[in-house]
Amino acid sequence: MGIFNRIFNVGKAEAHAIVDKLEDPIKMTEQGIRDLKKDLDNSLQALAEVKAMSIRSKKDLNDSKSLAQSYEQKAILLIQKAEKGELDVAEADRLATEALSKKEEALEAARRAQEEVNRFDSNIATLDKNVKKLKSTISSYENELRTLKARARVSSATQKINKQLSGIDSSGTVSMLEKMKEKVAQQEALSEAYGEISLENKSLDDEIDEVLSEKNVKASNSLEELKAKLKSKSE
């Protein structure tokens with residue numbers, strides 16, 4: 001019983017404490033329950049055997065009492081025959097005495113059977129009490145085990161979630177994300193560099209065409225018109 005007291009006292013603590021402080025408490029509890037069930041089976045077998053002996057003793061008791069009554073009745077009949085003259089008185093007394101002696105033997109057997117019945121009944125009461133206690137204990141421990149398993153599952157799930165939230169990632173996801181960010185930044189910088197190089201490598205014809213493009217010409221004309229408007233206002 002000591003191991004279960006230890007297990008279920010610790011079971012009152014937080015679920016993660018159970019998992020951390022005990023070496024596989026669920027398996028230990030399951031083994032303990034299996035051991036108790038074996039004890040229960042042995043107790044039930046012993047109870048059945050004692051009940052069988054009690055039944056036999058009660059039968060012996062009843063048989064001995066019936067036998068004693070039978071011998072007493074025979075002694076009475078012998079005396080009655082002698083009184084009627086159907087049997088010699090001396091012979092009737094002798095046979096009646098033998099019958100009464102057999103009666104006493106039967107009563108002694110009945111007394112011994114009664115003692116056995118009393119002893120067996122006492123043993124039955126004790127065994128029955130132990131069986132009920134074992135059944136109650138097993139039921140209680142099975143309920144505790146179900147709770148322990150549920151708490152262990154919750155603890156395991158909570159631990160995984162907290163591990164993820166705290167940034168502890170055994171799969172290297174965080175590390176891969178950082179590498180990806182660095183790679184993207186490098187590609188962006190390289191793209192920008194190629195853009196600058198492409199501008200530097202413009203030919204003279206490209207520059208002339210750009211200056212003379214319709215868009216740039218319109219922008220230049222608009223600029224001249226704005227300058228003229230400002231000049232006229234100032235005069």
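**Entry 1. Overall fold**

I began with the secondary structure and counted seven helices and zero strands in the protein chain. I note at once that the model is predicted. Read from the N terminus, the order of elements is α-α-α-α-α-α-α.

I then looked up how much of the chain is covered. The protein chain has 235 residues, and 19% of them count as buried. Its accessible surface comes to about 17,700 Å². Carbon and sulfur atoms hold 54% of that surface.

I also checked how far apart in sequence the contacting residues lie. Among contacts with a separation of 6 or more, 79% are between residues 24 or more positions apart.

**Entry 2. The nonpolar core**

Which residues have the most contacts inside the largest nonpolar core? I recorded I33, L36, L40, L47, V50 and I138, in a core of 15 residues. Two elements, helix 3 (25–83) and helix 4 (89–165), each give two or more residues to this core. Helix 4 supplies the largest share, with nine residues. As background, I recall that nonpolar side chains tend to be buried together in soluble globular proteins.

**Entry 3. S54**

I turned next to individual positions, starting with S54, which is placed in helix 3. Is S54 buried or exposed? I found a relative accessible area of 3%, so S54 is buried, the cut-off being under 20%.

I then asked what S54 meets beyond its sequence neighbours. With residues up to four places away set aside, S54 touches V117, F120, D121 and I124. For D121 I can add a polar contact: its side chain and that of S54 are joined at 3.2 Å.

**Entry 4. F120 and the aromatic rings**

F120, one of the residues touched by S54, also has a charged residue over its ring. R119 lies over the face of F120, at 5.5 Å from the ring centre. I searched for aromatic pairs as well, and the structure holds zero of them.

**Entry 5. S43**

I looked up a second serine of helix 3, S43. Its relative accessibility is 16%, so S43 also falls under the 20% limit and counts as buried. What does S43 contact, leaving aside neighbours within four places in sequence? I noted V131 and L134.

**Entry 6. K58 and K59**

I closed with two lysines. K58 lies in helix 3, and K59 is found in helix 3 too. K58 has 37% relative accessibility and counts as partly exposed. K59, at 48%, is likewise partly exposed, because the exposed class begins over 50%.

I checked both lysines against A113. The C-alpha atoms of K58 and A113 are separated by 6.9 Å, although the two residues are 55 apart along the chain. For K59 and A113, 54 residues apart along the chain, the C-alpha separation is 8.7 Å.

Which residues does K58 touch, not counting those up to four places away in sequence? I entered V117 and D121 for K58. V117 and D121 are also listed among the residues that S54 touches.

Note on methods
Residues are numbered from 1 along each chain as its sequence is written. This is a predicted model: local features need pLDDT of at least 70, side-chain atom pairs count only at pLDDT 80 or more; totals for chains, interfaces and linings use all residues. Side-chain values use heavy atoms; hydrogens and water are left out. A nonpolar core is a set of buried Ala, Val, Leu, Ile, Met, Phe, Trp, Tyr and Cys residues joined through side-chain atoms within 4.5 Å. Buried means under 20% relative accessible area, exposed over 50%, partly exposed in between (1.4 Å probe, protein chains only). Helices (H or I, at least four residues) and strands (E, at least two) are DSSP runs, numbered from the N terminus. A polar contact is a pair of N or O atoms within 3.5 Å; within protein, one must be able to donate a hydrogen and the other to accept it, and residues adjacent in sequence count only if both atoms are side-chain atoms. Contact means heavy atoms within 4.5 Å. Accessible areas come from the Shrake-Rupley method with a 1.4 Å probe; for residues, only the protein chains shown count as cover. Rings of Phe, Tyr and Trp (its six-membered ring) pair if their centres lie within 6.5 Å; planes under 30 degrees apart count as stacked, over 60 as edge-to-face and the rest as tilted. A charge sits over a ring if NZ of Lys or CZ of Arg is within 6 Å of the ring centre and within 35 degrees of the ring normal.
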